[in-house]
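User: Please take me through this model one question at a time. Start with the terms, then go on to the structure itself.

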Amino acid sequence: MILNGKEIRVIIDGGNFHCAMDVASKYLGGKWKTIVLWYLKDEEQRFADLKRVIPQISDRMLSITLKQLEDDGLIDKEVYTTKPPHKVGYLLSDFGKSSVPMLEAIAHWGRAVSKTRGKIVEV
């Protein structure tokens, strides 16, 4: 990335990133991360809740995505110790909350594209 006429690199957790979009892709890249974050933006969700609102995602992929988001610090996993079974909830961390304005902008753009280039149908 060229910033103020100088070539710079960003190093985060041992990763070497060439620009800000590269950094954003590290945290938000992939098919499911932004979708999962979207459904966590307003309230804590359990695994089954996320599965219900994102029916196309497999259990395995949802587990992987949640783990990646947790490892990257975007979400927190809350374990409630109730007598069996334990309840586990997922919610945005403070770092994850910083992504909400960007998620809302992407959703706004997606709705506009849906109206102009697609067909919206009720199911």
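Analyst: Two strands pair if DSSP finds at least two bridges between them. Helices (H or I, at least four residues) and strands (E, at least two) are DSSP runs, numbered from the N terminus. This is a predicted model, in which local features need pLDDT of at least 70, side-chain atom pairs count only at pLDDT 80 or more, and totals for chains, interfaces and linings use all residues. Residues are numbered from 1 along each chain as its sequence is written, while side-chain values use heavy atoms and leave out hydrogens and water.

User: In what order do the three strands of the open sheet lie?

Analyst: β5 (45-46) and β6 are the edge strands, each pairing on one side only. β5 is joined to β7 by two antiparallel bridges, and β6 (residues 75-80) pairs with β7 in the antiparallel sense over six bridges. The order of the open sheet is therefore β5-β7-β6.

User: Which residue in β7 is the bridge partner of Q45?

Analyst: On the β6 side, V79 is bridged to V88 in β7, and K77 has Y90 as its partner. On the β5 side, the partner of Q45 in β7 is Y90.

User: How many residues lie between β6 and β7 in their hairpin?

Analyst: β6 and β7 pair in the antiparallel sense. They form a hairpin, and the number of residues between them is six.

User: Which residues have the most contacts inside the largest nonpolar core?

Analyst: A nonpolar core is a set of buried Ala, Val, Leu, Ile, Met, Phe, Trp, Tyr and Cys residues joined through side-chain atoms within 4.5 Å. Here buried means under 20% relative accessible area, exposed over 50%, and partly exposed in between (1.4 Å probe, protein chains only). The largest core has 20 residues, and those with the most contacts inside it are V36, L37, L40, L66 and I75.

User: Which elements each supply at least two residues of this core?

Analyst: In soluble globular proteins, nonpolar side chains tend to be buried together. In this model the elements that each supply at least two core residues are α1 (20-28), α2 (33-40), α4 (59-71), β7 (87-92) and α6 (100-117).

User: Is L69 buried or exposed?

Analyst: L69 is in helix α4. Leaving aside neighbours within four places in sequence, L69 is in contact (heavy atoms within 4.5 Å) with Y27, K33, V36, L37, L74 and I75. L37, with the same neighbours left aside, touches L28, L69, L74, I75, L92, S99 and L103. The relative accessible area of L69 is 0%, so L69 is buried.

User: What is the volume of the largest pocket?

Analyst: On a 1 Å grid over the protein atoms alone, a pocket is an open set of points where a 1.4 Å probe fits, with protein on both sides within 12 Å along at least five of seven lines; lining residues have an atom within 4 Å of a point. Grid points are joined across faces, edges and corners, and a volume is the space filled by probe spheres set on the points. For the largest pocket this comes to about 210 Å³.

User: Which element gives the largest share of the lining of the largest pocket?

Analyst: The lining includes M21, Y27, L74, F95 and M102. α1 and α6 each supply at least two lining residues. The largest share, six residues, comes from α1.

User: How many charged residues are in the lining of the largest pocket?

Analyst: Ala, Val, Leu, Ile, Met, Phe, Trp, Tyr, Cys and Pro count as nonpolar, Asp, Glu, Lys and Arg as charged, and the others, Gly among them, as polar. The lining has nine nonpolar and three polar residues, and the number of charged ones is none.

User: How far apart in space are E104 and W38, C-alpha to C-alpha?

Analyst: E104 is in helix α6 and is partly exposed, at 39% relative accessible area. Neighbours within four places in sequence aside, E104 is in contact with W38 and K41. E104 and W38 are 66 residues apart in sequence, and their C-alpha to C-alpha distance is 8.2 Å.

User: What is the phi of N4, which is not a glycine?

Analyst: N4 is in the loop between β1 (2-3) and β2 (6-7). At 75% relative accessibility, N4 counts as exposed. Its phi is positive, at about 55°.
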